[in-house]
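Here is a short briefing on one helix and two pockets. Have a look at the model first, then read on.

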Amino acid sequence: MHRLLVEHGLRDRIKLFASGKLVTADKIAVALALGADCVNIARGLMFNVGCIQAQVCHTNRCPVGVATTDPKLQRALVVDEKSYRVTNYIILLREGLYNMTAAAGLDTPTKLSLEHIAYKYPDGRVRRGEELFAQTKDG
Ligand code: SF4
């Protein structure tokens with residue numbers, strides 16, 4: 001998407017938000033390197049607040065009290081405990097992202113680009129990000 005927007009002269013008018021199982025610092029770094037301006041994180045925070053992926057949010061019967069208005073079920077969510085877990089998750093996520101950024105010789109994750117990532121195939125071959133997403137003549 002980043003490349004298409006650049007090709008059509010629209011990149012400076014549109015912001016890209018990446019999302020979808022981006023729960024760890026390495027995945028966030030890859031999303032930024034691929035051109036994302038921002039990253040949405042939902043699942044990672046849900047896990048840390050106690051979600052066990054029972055997938056009954058729409059029934060008001062969430063067994064861990066995360067997605068329910070039932071006072072009895074809500075007792076399962078101990079806010080004083082979960083607030084520490086969520087805080088630790090965010091702090092470690094940020095630390096991991098900045099550690100990878102520093103390892104790439106950069107001062108901010110927003111400077112990550114294709115040249116900083118590589119993909120390793122199951123057979124051991126490694127391709128640099130720039131090679132994987134190389135522009136062909138016909139686009
Ligand atoms: S019902 Fe509760 S535990 Fe299940 S997916 Fe929804 S929030 Fe998570």
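What follows covers helix α5 and then the two pockets.

This is a predicted model, where local features need pLDDT of at least 70, side-chain atom pairs count only at pLDDT 80 or more, and totals for chains, interfaces and linings use all residues. Residues are numbered from 1 along each chain as its sequence is written, and side-chain values use heavy atoms, with hydrogens and water left out.

**Helix α5**

- Helix α5 covers residues 79-103, and its end C-alpha atoms are 36 Å apart, which agrees with the 36 Å that 25 residues should span at 1.5 Å a residue.
- Helices here are DSSP runs of H or I with at least four residues, and strands are runs of E with at least two.
- K82, Y89, L93, L97 and T101 are the buried residues (under 20% relative accessible area, 1.4 Å probe, protein chains only) of α5.
- α2 (25-33) and α3 (43-49) are among what covers these buried residues.
- G105, with a positive phi near 80°, follows α5.

**Largest pocket**

- The largest pocket holds about 420 Å³ of space.
- Its lining has 19 residues, and H2, R3, A33, L34 and G35 are the closest to the centre.
- By class, the lining has 13 nonpolar, 3 polar and 3 charged residues.

**Second largest pocket**

- About 250 Å³ of space lies in the second largest pocket.
- I28, L32, V39, I41 and L97 are the closest to its centre among 14 lining residues.
- α5 gives the largest share of this lining, 5 residues.

Notes:
The expected span of a helix is 1.5 Å times one less than its number of residues. Buried means under 20% relative accessible area, exposed over 50%, partly exposed in between (1.4 Å probe, protein chains only). Contact means heavy atoms within 4.5 Å. On a 1 Å grid over the protein atoms alone, a cavity is a set of points where a 1.4 Å probe fits but cannot get out, and a pocket is an open set with protein on both sides within 12 Å along at least five of seven lines; lining residues have an atom within 4 Å of a point. Grid points are joined across faces, edges and corners, and a volume is the space filled by probe spheres set on the points. Ala, Val, Leu, Ile, Met, Phe, Trp, Tyr, Cys and Pro count as nonpolar, Asp, Glu, Lys and Arg as charged, and the others, Gly among them, as polar.
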